[in-house]
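This briefing sets out selected features of one protein model, grouped by topic. Please read it alongside the sequence and the structure shown here.

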Amino acid sequence: MRFVQHFIQFENGGVEVLSFLLRRMGLMIVILFLVSIMIFSLVNVLPGDPARLILGQEATPEALEALRAEMGLNDPLVVQYFHWISNVIQGDFGNSVKDNTAVADILIAKIPVTLQLTIMSFLIALMIALPAGIISATRKGTLWDYSGTFFALSGVSLPPFWLGILLIYIFAVTLGWLPPSGYVSMKDDFVRSLTLMILPAITIGIRLSAELTRMLRSSLLEVLQSDFIRTGYAKGLLERAVIFRHALKNALIPVITVSGLQMATFLGGAVITETIFAVPGIGQLIVKSILTRDFPVVQGAVMFMALAVIIINFLVDIAYSILDPRIKLTGGTK
């Protein structure tokens, strides 16, 4: 409700909020522009000839030169960039040099896969991290605390490829409870799709939950030493009320920061996990496109990653103002 109040109560700072949003949108555009320059520049210095990739190794020099001229590859890089970015603004990322498929269509097919894996991994991480972090902080120095700390250190230390293979061996090969790999769209078979995503989501979720558990424990321990928490206990409030109504909201702020950064990373594709479990997401797409010198696909995928990072950071800022009334969307505090 606090976020809604920011927009409906203009007499209490709504103009400042609108100004903040406009500034952030302008900053987002500038960042995307700079990222696009970096992407285009880095991709074009990579070795490889898209014309030869399309026509094959036996193509004649005349045919190669004609195709380069048709694709604009002989133009100066500045001209090529402005031609590319003008098309991107209109939603045209070009065509794959591999099979001439529109890059936008390729991304539309891959993004839901990565988004499903990211959301499931994040939900698993929260289901583990929230109770583990709260119990560790409120039971400091007990067996529960030591167990939570051990889990956090172990989860961060486990390599994703090792954990993924171990999960496949236990739950797919030995027990036969879950399929080892593959992907089915949720539109085709909802239950099968979720089942296939469980193991890769656990592989990512365990590592993320370990990081969030450690962060939440440290943050909650600091908040529990605050004066307003001691005041709450002095008023006779129950421990549950003090923790969940007052302490937890403040302790979640650094956790949200880490969660936002990690979610943005996952949206860029968890390459190792997607490879182990044969999940056809953005991560696999980028790696395969780099290996085959499919530069238009690489450019489109990285632009999507940059946009995802920017949007998630913006949502994190909004979440700050919702959780902590002292933080205003204008960037200051009350």
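In this predicted model, Arg207 and Glu211 are joined by a salt bridge, with 3.9 Å between their closest N and O atoms. The two residues lie four positions apart in helix H9, which means that about one helical turn separates them. The points below continue with the salt bridges and then turn to the overall fold, confidence, a surface patch and one loop residue.

**Salt bridges**

- The count of salt bridges comes to two.
- In the pair Arg207 and Glu211, the arginine has a relative accessible area of 31% and is therefore partly exposed.
- Its partner Glu211 has a relative accessible area of 17%, and it is classed as buried because the limit for that class is under 20%.
- A salt bridge also connects the side chains of Asp145 and Arg217, with an N to O distance of 2.7 Å.
- This pair links distant parts of the chain, as Asp145 belongs to helix H7 (residues 143–157) and Arg217 to helix H9, 72 residues apart.
- Asp145 is buried, its relative accessibility being 2%.

**Overall fold and surface**

- The protein contains 14 helices and zero strands.
- Buried residues make up 40% of the 334 residues of the protein.
- Among contacts with a separation of 6 or more, 71% are between residues 24 or more positions apart.
- The protein has an accessible surface of about 18,400 Å², and carbon and sulfur atoms account for 68% of that area.

**Confidence of the prediction**

- The average pLDDT of the protein is 79, and 85% of the residues reach a score of at least 70.
- By element, helix H8 has the highest mean confidence, at 89, whereas helix H1 (residues 2–8) has the lowest, at 48.
- The pLDDT is below 50 over residues 6–11, a stretch that makes eight contacts in the model beyond near neighbours in sequence.

**Nonpolar surface patch**

- Seen on the surface is a nonpolar patch formed by Phe161, Trp162, Ile165, Val271, Ile272, Val287 and Leu291, which together have about 670 Å² of accessible area.
- Two or more residues of the patch come from each of H8, helix H12 (271–276) and helix H13 (282–291).
- Helix H8 supplies the largest share of the patch, with three residues.
- Val271, one of the patch residues, is located in helix H12.
- The relative accessibility of Val271 is 34%, so this residue counts as partly exposed.

**Ser181 and its surroundings**

- Ser181 sits in the loop that runs between helix H8 (160–174) and helix H9 (190–224).
- With a relative accessible area of 34%, Ser181 is partly exposed, because that class covers values from 20% to 50%.
- Apart from neighbours within four places in sequence, the contacts of Ser181 are Leu196, Ile276, Phe277 and Ala278.
- Between the C-alpha atoms of Ser181 and Thr195 the separation is 9.9 Å, and these residues are 14 positions apart along the chain.

Methods:
Residues numbered from 1 in each chain as written. Predicted model: local features only at pLDDT ≥ 70, side-chain atom pairs only at ≥ 80, totals over all residues. Heavy atoms only, no water. Buried < 20%, exposed > 50% of the residue type's maximum accessible area, 1.4 Å probe, protein only. Contact = heavy atoms within 4.5 Å. Patch = residues over 30% accessible without salt bridge, like charges linked within 9 Å, V, L, I, M, F, W, Y side chains within 5 Å. Areas by Shrake-Rupley, 256 points an atom, 1.4 Å probe, with all protein chains shown as cover. Salt bridge = Lys/Arg side-chain N within 4 Å of Asp/Glu carboxyl O. pLDDT = per-residue confidence, 0-100.
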